[in-house]
Amino acid sequence: MQAFLHVENDNQVKITKTVKNKLMKGDLYVEPQIVDGSVLLRLKPEHAVINNQNRAIINVWQQVKKNPFGILDILKNVDQFKITADYYLLQLRKYNELLRDRKYDYETAGVLIWLDPYSKEDVTV
């Protein structure tokens, strides 16, 4: 069996020509543990099923489909301020409150999308 994907040293998933050739028009693409959707978005299959055990991740994808402009409004709103450690922590607290209240909507999705890149780097103090 040939591998459809291979991972480079920088951990970015590269789609080989093999997977594009194997995915025929009309095939169902299934991604059992979607996160950022890089494979799905590169393949652009006609039919896809995605899954994740994390309810917040599934909410992001549901909101991208259902209310992309609501997410963009949230991102514009939180992105207009200087990103400091205090501001990041404020947004993180807001996100945790939304999760605690089980509020899975475009606001929660937008805040998670905004928080994600900053969770991997230093924020200015």
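This is a short dialogue on reading a predicted model of one protein chain.

Q: Where do I start? How many helices and strands does the chain have?
A: Start with the elements. The chain has 6 helices and 4 strands. Then read their order along the sequence. Here the pattern runs β-β-α-β-α-β-α-α-α-α.

Q: What share of the residues counts as buried?
A: Burial is judged residue by residue, from relative accessible area. Of the 125 residues in this chain, 31% count as buried. The accessible surface of the chain comes to about 9100 Å². Carbon and sulfur atoms account for 53% of that surface.

Q: What share of the contacts joins residues at least 24 apart?
A: Take contacts between residues at least 6 apart in sequence. Of these, 44% join residues at least 24 apart.

Q: Now the strands. In which sense do E3 and E4 pair?
A: Look at the bridges between the two strands. Strand E3 covers residues 28–31, and strand E4 covers residues 47–50. They pair in the parallel sense, over 4 bridges. Val 30 stands opposite Val 49 in E4. Glu 31 stands opposite Ile 50 in E4.

Q: Through which helix does the chain cross from E3 to E4, and what is the handedness of the crossover?
A: Follow the path out of E3. The chain passes through helix H2, residues 38–43, and on to E4. This β-α-β crossover is right-handed.

Q: Which side chains of E3 are buried, and which are not?
A: Check where each side chain points. In E3 they alternate. Tyr 29 and Glu 31 point to one face and are buried. Leu 28 and Val 30 point to the other face and are not buried.

Q: Next, aromatic rings. How do I describe a pair?
A: Use two values: the distance of the ring centres and the angle of the planes. The count here comes to 3 aromatic pairs. Take Phe 81 and Tyr 87. Their ring centres are 5.4 Å apart and their planes stand at 50 degrees, so the pair is tilted. An angle from 30 to 60 degrees gets that label.

Q: Are Phe 81 and Tyr 87 buried or exposed?
A: Phe 81 is partly exposed, with a relative accessible area of 44%. Tyr 87 counts as buried, because its relative accessibility is 11% and the cut-off for buried is under 20%.

Q: Which residues do the ring pairs link into a cluster?
A: The cluster holds Phe 81, Tyr 87, Tyr 88 and Trp 114.

Q: How far is Tyr 118 from Tyr 88, C-alpha to C-alpha?
A: Compare separation in sequence with distance in space. Tyr 118 and Tyr 88 are 30 residues apart along the chain, and their C-alpha atoms are separated by 8.0 Å. Tyr 118 sits in helix H6. Tyr 118 is buried, at 18% relative accessible area.

Q: Rings can also have a charge over them. Which residue lies over the face of Tyr 104?
A: Arg 55 does, at 4.6 Å from the ring centre.

Q: What does Asn 59 touch?
A: Set aside residues up to four places away in sequence. Asn 59 then touches Tyr 104, Asp 105, Thr 108 and Ala 109. Asn 59 lies in helix H3, residues 55–66. Asn 59 is buried, at 1% relative accessible area.

Q: Gln 63 lies in helix H3 too. What is Gln 63 in contact with?
A: Again leave aside neighbours within four places. Its contacts are Pro 68, Ile 71, Tyr 104, Asp 105, Tyr 106 and Ala 109. Gln 63 counts as buried, at 4% relative accessibility.

Q: Is Gln 62 buried or partly exposed?
A: Gln 62, in helix H3, is partly exposed, with a relative accessible area of 38%. Gln 62 and Ala 109 are 47 residues apart in sequence. In space they are 9.0 Å apart, C-alpha to C-alpha.

Q: Last, the backbone. What is the phi of Arg 102?
A: Start with the general case. Most residues other than glycine have a negative phi. Phi of Arg 102 is near 55 degrees, a positive value.

Q: Where is Arg 102 found?
A: Arg 102 is in the loop between helix H5 (85–100) and helix H6 (106–118). Arg 102 is exposed, with a relative accessible area of 68%.

Key
Residues numbered from 1 in each chain as written. Predicted model: local features only at pLDDT ≥ 70, side-chain atom pairs only at ≥ 80, totals over all residues. Heavy atoms only, no water. Phe/Tyr/Trp six-rings, centres within 6.5 Å; stacked < 30°, edge-to-face > 60°. Buried < 20%, exposed > 50% of the residue type's maximum accessible area, 1.4 Å probe, protein only. Lys NZ or Arg CZ within 6 Å of the ring centre and 35° of its normal. Pairing = 2+ DSSP bridges. Right-handed = clockwise from strand over helix to strand, strands pointing away. Contact = heavy atoms within 4.5 Å. Areas by Shrake-Rupley, 256 points an atom, 1.4 Å probe, with all protein chains shown as cover.
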